[in-house]
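Dear colleague,

Please find the structure below, with the sequence alongside. A summary of the findings follows it.

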Number of protein chains: 2
Amino acid sequence: MLDDRPAPGTVRPRGRTERVRAAVLAATRAELEAHGYPALTMERVAEAAGVAKSTVYRRWRDPVGLLAELLDDVTPTAVPLLDTGSIDVDLRGLAMGIYRFYSDPVWRSILLGLIAAGVHDPRAAGALRDFFRVRNEHAAESVRHAVERGELPADTDPVDVIRALGAPFYYRMLVTHEPLDEAVAERAAAAAIAAAKAGTHSIR
Amino acid sequence: MLDDRPAPGTVRPRGRTERVRAAVLAATRAELEAHGYPALTMERVAEAAGVAKSTVYRRWRDPVGLLAELLDDVTPTAVPLLDTGSIDVDLRGLAMGIYRFYSDPVWRSILLGLIAAGVHDPRAAGALRDFFRVRNEHAAESVRHAVERGELPADTDPVDVIRALGAPFYYRMLVTHEPLDEAVAERAAAAAIAAAKAGTHSIR
């Protein structure tokens, strides 16, 4: 059984801490994949990870803490960003990436679980706010370049174009409970691009 | 104390049932206003309504059941619909109505509570799906008229224009946890109109 007490001898405390973290996050992912978020408990995760229950509670407190830490792993890889020199290509690619991201049941569980919790739990809300602030700033880079190239009006708010692109996915998943498909992604991109070209996403 | 057993004598069962329903829903609203959704319990509602706890459990099962029934009262009144002969005026008015709706802490609690529950609870998801199906169909009427007048392309999907108008509100409330204001509503309407005029909300 792993725990995060410093081990005497060869294993550095840092190494053990990292191993505990990796084991717990891998167990959380596996639990989400097998049983979904509603069934996620600290006990099951601790058991699956081979880590003391008290350690899991102390470091992550509750399932929201586990989801929030998994969210940290999303940033660099899960939704690819393009910067091809054409805003249409870039945003269509981004929309397709968002669609694929939410087609993965584990990522879907992590994000929708945090969104559901975030309605009432300030820690989940804060994790989402921070994640999307960084993520949307980063994704806005290709919009900024399109403005520089003159593809979009000079006063375009790049982050708001990214918000507009993302919004339809969440509306369907959370509000109307309609399925996502590639046509939804295609239309989300086309609508965001058309509105941006028409100047409606201008800086306020 | 009210309950829903048929009363001997003067009060018709139907009348008593309706009185219990009205008392429970009024108590639910008052509880939401005073304490918010996370504090909503069947016990508090029963006590505030002066209704037997067993009655509240039997008819509404859990807080989701109470929210779902309150949602039924939203349809005709809470977000006004316009049909002025100008799609710009109609959709700006609708967006402002959505903004005002979510500025009311009780309506906000009801809808966001159901949305949070709906991620994991099929009953909440079904209530939302049914509500927005009817509501969005109804709101799409002015878009249909705009198509008939030639303000929007002939192949416009009217419900999808309404989806596009609503999506930014939920994105901010649920995903990025950014505040709503009138400028958000204005921009949501302008973007939906611009995209619809550009033909991106065409029927698939």
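Over all chains, this predicted model holds 30 salt bridges. One of them joins A:Lys197 to A:Asp88, with the closest N and O atoms 3.2 Å apart. This pair links distant parts of the chain: A:Lys197 belongs to helix H10 of chain A and A:Asp88 to helix H5 (residues 87-103) of chain A, and the two positions lie 109 residues apart in numbering.

Another salt bridge connects the two chains, where the side chains of A:Arg187 and B:Asp157 meet at 3.8 Å, N to O. Across the interface of chain A and chain B, eight salt bridges are found. Eight residue pairs are also in polar contact between chain A and chain B, counting pairs with both residues at pLDDT 80 or more.

On the side of chain A that touches chain B, the elements that give two or more residues are helix H6 (105-118), helix H7 (122-139), helix H9 (158-176) and helix H10 (182-197) of chain A. The largest share of that side comes from H9(A), with eleven residues. By class, the residues of chain A that touch chain B divide into 23 nonpolar, ten polar and nine charged.

As to the extent of the interface, 42 residues of chain A are in contact with 42 residues of chain B. The two chains bury about 3,600 Å² between them, and 63% of this area is on carbon and sulfur atoms. In chain A, the residues that lose the most area to chain B are A:Tyr171, A:Arg187 and A:Arg204, which together account for 22% of what that side buries. A:Arg187 is thus named twice here, as a partner of B:Asp157 in a salt bridge and among the residues of chain A that lose the most area to chain B.

Regarding the fold of chain A, there are ten helices and zero strands. The pattern read along the sequence is α-α-α-α-α-α-α-α-α-α. The C-alpha trace of chain A spans about 65 × 40 × 25 Å along its principal axes.

Two helix pairs in chain B may also be of interest. Two packed helices are described by the angle between their axes and the distance between the axes.

In the first pair to report, helix H4 (residues 63-72) and helix H7 (residues 122-139) of chain B pack at an angle of about 5 degrees, with their axes 10 Å apart. H4(B) and H7(B) are therefore roughly parallel to each other. H4(B) contributes B:Val64, B:Gly65, B:Ala68 and B:Leu71 to the contact, while H7(B) contributes B:Arg123, B:Ala124, B:Ala127 and B:Phe131. This contact has six nonpolar residues, one polar and one charged.

In the other pair, helix H6 (residues 105-118) and helix H9 (residues 158-176) of chain B pack at an angle of about 70 degrees, with axes 12 Å apart. That angle makes H6(B) roughly perpendicular to H9(B). The contact is made by B:Arg108, B:Leu112 and B:Ile115 of H6(B) together with B:Tyr170, B:Met173 and B:Leu174 of H9(B). Five nonpolar residues, no polar residues and one charged residue make up this contact.

With kind regards

Definitions and conventions:
Residues numbered from 1 in each chain as written. Chains lettered and ligands numbered in written order. Heavy atoms only, no water. Contact = heavy atoms within 4.5 Å. Buried area = accessible area lost by both parts, 1.4 Å probe. Salt bridge = Lys/Arg side-chain N within 4 Å of Asp/Glu carboxyl O. Polar contact = N/O pair within 3.5 Å; in protein donor to acceptor, adjacent residues only side chain to side chain. Helix = DSSP H or I, 4+ residues; strand = E, 2+ residues; numbered from the N terminus. Nonpolar A, V, L, I, M, F, W, Y, C, P; charged D, E, K, R; others polar. Axes fitted to C-alpha atoms, helices over the stretch in contact; angles between N-to-C directions. Parallel < 35°, antiparallel > 145°, perpendicular 65-115°, else oblique.
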